[in-house]
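This briefing reviews selected features of one structure, grouped by topic. The sequence and coordinates are shown first, and the points follow.

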Amino acid sequence: MPLDAEAIGRGCGGRVETGDQLCGRELDRIRAAFAAGGPVTVSCTLKAPLFDEVAEEEGAQGRVAYANIREAAGWSREAARAGPKMAALLAAAAEPIAPVPVVTLESKGVVLVYGRDESAIEVGRRLADHLDVTVLLTRPGEVAPPRRDEFPVLQGTVRTATGHLGAFSLAIDDYALPAPSSRERLVFGPARSGATSTCDLVVDLTGNPPLFPAHEVRSGYLRADPRDPAAVARAVFEASHLVGTFDKTRFIDFRTGLCAHSRSRITGCTRCLDVCPTGAIAPAGDTVAVDPFVCAGCGTCASVCPTGAAATTLPPADALMRRLRTLLRAYRAAGGAEAALLLHDGEHGADLVEALARSGDGLPADVLPLALNEVTQVGLETLTGAFAFGAVAVHLLARGRPKHDLAPLHRNVARAEAIVQALGYGSGDGSPVVSVIETDDPDALGRALAQAARGTAAATPAGLVPEGDARSVLRVTLRELHHAAPRPVDRIALDAGAPFGGLDFRTEACTLCHACVGACPTGALADDPDRPRLTFAESLCVQCGLCAGTCPEDVITLAPRLDFAAWSAPRVTLKEEEPFDCVTCGKPFGTRSTIERIIGRLQDKHWMFAGAAGQSRIRALMMCDTCRVSHVVTEGFDPHAAPGPKTTEDYLRERG
């Protein structure tokens, strides 16, 4: 493949060394680079295991990054123009990524083989030398008794199942033990329901619906069609190796303080609960809880979380934005004009890119691939940030038969498309510049990229590096997107469910009770300690709906939109009234309209506030809480001194 060292040098801004066989006769050059003590980027992933060994020998672990410029750039029909692209890939690979957090799973090899007939018992025999086996048969028919009692064979049907590798818990109905005297077939004794079983692994050979949602990614749950010997063999092989301690990636970093799920038993945001495919997320009071042992890493919760409470760790939002910014900046510095971004996962996407490079035309020279854990983790900050940093299109490569639900991703893509089109980043003919390519065919991928529209690049791409949580990154990214827009507009209407917007507020009906302030999880709504006032900052609103659900007067309606003018403006006052000062100490303690309304409703209309004695009680309503207590104690009010019940004679006398 051609190698444009000059373009790579311009894009990477460091020393570039080329060679013919750095993994063979020139290996000492790699060794010397590692020994020098600085960070090193190697443009070869094929021999990464060898280079890792050398890095360990030289104490360079953690200072080495790898970039695939062969399948991603050099093996292409447009390889002669791929110099800027190679520079971009090398520069982006050098961006540091924080270590990935993990949780530990421990399996002692206790396995439940769940089936219907002798095939489950046979699997139990094959696993008995490696694992502690129990076989559970659901509604068994004619099952021949085993000749030797090597492991328990029981009857039962799993009603519910929870857990993961090393910690499964199963509720079992119709549970029964076999009679030792079973002759022609297994005969089970009296059955009972409500039994519980715990185990480290479950091998499900029933052919029934799976015990778990998204069962393919549930650690320790292996399911195979009993009529498929190859599938059964794979399950047996995998189960036999699931003994010991295993590190599992903690895919989501969850911050409960940012969660907008609930306040005071009123439910607000349920976006993550609605999209989690595994059931790893559950309500936990005012917030939600994410089970890292069950989470499969699709990242969809993070892509829809409006506050940044749920954030991906592969990589964190700000680290991904730094890599994206470096990728596009290096491409331009190396002489590249306009770049389209291709986001893909590390398995399916990488395989398709490699197949297209080896057997087809390869990727176009202006398409920059960037690998993620899953494309379903992509949120608005990534899609819009790409355009702010200079991209002219963003494509997401997904499987033809998706592993995870793509509906949330499509919603984010549609919102991003609406935003970039409104700001002038579009193609001019209305063709989408943000798209999802769903295919398992490398040639179809090549055709889709060749035919995809290219939009309008930012005149001056953003240079600011976003930092912080996902919501902070999103706010900065959108401001930068607006600042660099070819045709900036101040307001863009968005669909219901968008993570930002304003409020339609019926000011005249608001009583300034500030219940909405107590419910708002982001501080978008705030009171004023010195005056009866309610203020609102639209840039902080995540459209969770807690304010609308909490307001006793029903004066708040959500208005999803992107209002850049409002984001740049100071807090706006939604309602303000004249304060009412305590008639004793002068401290303001409420609004004049509220106090006067209460007095008007009670004076001369309730026995406690009627007559001469009632005037003293009316005065108590005009006091702050401290003075009111003192006044009531001094005056000796008796709240139970109500007049007795009226009799018939009383009513006749009044008519009389």
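Strands are DSSP runs of E with at least two residues, numbered from the N terminus. Ser262 lies in one of these, strand 13, which covers residues 262–263. The model under discussion is predicted. The points below treat the surroundings of Ser262, the nonpolar cores, a loop residue and the salt bridges.

**Ser262 in strand 13**

- Ser262 has a relative accessible area of 5%, so this residue is classed as buried, the limit being under 20%.
- A polar contact links the side chain of Ser262 to the backbone oxygen of Ile266, at 3.1 Å.
- Leaving aside residues up to four places away in sequence, Ser262 is in contact with Thr267, Gly268, Gly285, Asp286 and Leu546.

**Nonpolar cores**

- In soluble globular proteins, nonpolar side chains tend to be buried together.
- The largest nonpolar core holds 69 residues. The members that touch the most others are Leu396, Tyr425, Leu481, Phe500 and Leu562.
- Which residues does Tyr425 touch, not counting residues up to four places away in sequence? The partners are Phe387, Val420, Val433, Gly455, Thr456, Ala458, Leu481, Ala484, Ala485 and Pro486.
- A separate second core comprises 29 residues, among them Ala120, Leu131, Val135 and Leu186.

**Leu211 in a loop**

- Leu211 is placed in the loop that runs between strand 9 (201–204) and strand 10 (221–223).
- Is Leu211 buried or partly exposed? Its relative accessibility is 21%, and Leu211 therefore counts as partly exposed, since the buried class requires under 20%.
- Leu211 touches Tyr114, Val158, Ala161, Val202, Asp204 and Tyr221, with residues up to four places away in sequence not counted.
- Between Leu211 and Val54 the C-alpha to C-alpha distance is 46 Å, and the two are 157 residues apart in sequence.

**Salt bridges**

- How many salt bridges does a search of the whole structure find? The search yields 30.
- Glu71 and Arg70 form a salt bridge through their side chains, with an N to O distance of 3.1 Å. Glu71 is buried at a relative accessible area of 6%, whereas Arg70 is partly exposed at 25%.
- Arg125 and Glu122 are joined by a salt bridge of 3.2 Å, N to O. Both residues belong to helix 6 (residues 118–127) and lie three residues apart, about one turn of the helix. Arg125 is partly exposed at 35% relative accessibility, and Glu122 is partly exposed at 36%.
- In the salt bridge between Glu596 and Arg592, the closest N and O atoms are 3.5 Å apart. Because Glu596 and Arg592 are four residues apart in helix 19 (residues 592–602), about one helical turn separates them. Glu596 has a relative accessible area of 43% and is partly exposed; Arg592 is likewise partly exposed, at 29% relative accessibility.
- Asp28, Arg31, Glu57 and Glu58 are joined into one network by salt bridges that share partners.

Notes:
Residues are numbered from 1 along each chain as its sequence is written. This is a predicted model: local features need pLDDT of at least 70, side-chain atom pairs count only at pLDDT 80 or more; totals for chains, interfaces and linings use all residues. Side-chain values use heavy atoms; hydrogens and water are left out. A nonpolar core is a set of buried Ala, Val, Leu, Ile, Met, Phe, Trp, Tyr and Cys residues joined through side-chain atoms within 4.5 Å. Buried means under 20% relative accessible area, exposed over 50%, partly exposed in between (1.4 Å probe, protein chains only). Contact means heavy atoms within 4.5 Å. A salt bridge is a side-chain nitrogen of Lys or Arg within 4 Å of a carboxyl oxygen of Asp or Glu. A polar contact is a pair of N or O atoms within 3.5 Å; within protein, one must be able to donate a hydrogen and the other to accept it, and residues adjacent in sequence count only if both atoms are side-chain atoms.
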